[in-house]
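Here is a chain to look at, followed by some questions and answers about how it is built.

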Amino acid sequence: MALARVKAVCPRHATVQLWPGSDFPIGVEHISFNDLDSAEDLLTEGEVVRVRVLYHNGAVVLSMLDVDDDEPAVPTPPLLRGGPPWLDLERPYASIFANRSPFPPQPRKPGRRRGIRTLRRRTCTARIPTHPCCAADSAANYADAVGIGPPHH
């Protein structure tokens with residue numbers, strides 16, 4: 001059992017991260033048993049969820065089916081050596097990962113035809129700094145702990 005952050009949600013699938021920079025798709029068939037459910041109705045961007053790490057034909061597959069809330073999850077790696085885990089079920093992440101623009105909306109320019117608008121979006125991506133050695137070690141250890149590390153011979 002592992003913790004993952006929901007990065008993006010579409011009707012038929014979601015993209016989750018087990019650690020920063022690790023994107024894993026998870027289909028709605030691995031989120032709910034109900035064929036009529038939409039991933040958009042069940043998950044929210046920025047939400048921290050419990051996932052089970054499975055293998056299918058040698059590929060990593062994440063599933064939220066039959067996930068027990070009482071089953072302990074492998075602690076996520078810290079972003080900085082000695083720091084707290086990067087994900088915690090008790091921490092509120094919705095405001096941290098919200099995709100909000102720091103720029104105010106631009107006023108409409110006079111003389112434009114009504115009904116035709118050009119939308120411009122300015123986005124700002126915040127990156128959490130990590131020391132390369134710490135991030136690589138932590139991610140490798142976490143990948144090994146949840147069972148997706150390189151095969152051991």
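**Val6 and the core**

Q: Is Val6 buried or exposed?
A: In this predicted model, where local features need pLDDT of at least 70, side-chain atom pairs count only at pLDDT 80 or more and totals for chains, interfaces and linings use all residues, the relative accessibility of Val6 is 0%. Residues are numbered from 1 along each chain as its sequence is written, and side-chain values use heavy atoms, without hydrogens and water. Buried means under 20% relative accessible area, exposed over 50%, partly exposed in between (1.4 Å probe, protein chains only). Because its relative accessibility is 0%, Val6 counts as buried.

Q: Which strand holds Val6?
A: Strands (E, at least two residues) and helices (H or I, at least four) are DSSP runs, numbered from the N terminus. The chain reads β-β-β-α-β-β-α along the sequence. Residues 2-9 form the strand with Val6, β1.

Q: How far apart in space are Val6 and Phe24, C-alpha to C-alpha?
A: In sequence, Val6 and Phe24 are 18 residues apart. Their C-alpha to C-alpha distance is 9.6 Å.

Q: Which element supplies the largest share of the largest nonpolar core?
A: A nonpolar core is a set of buried Ala, Val, Leu, Ile, Met, Phe, Trp, Tyr and Cys residues joined through side-chain atoms within 4.5 Å. The largest one has 24 residues, and Leu18, Leu43, Val51 and Leu62 have the most contacts inside it. At least two residues each come from β1, β2 (13-17), β3 (23-27) and β4 (48-56). The largest share, five residues, is that of β1.
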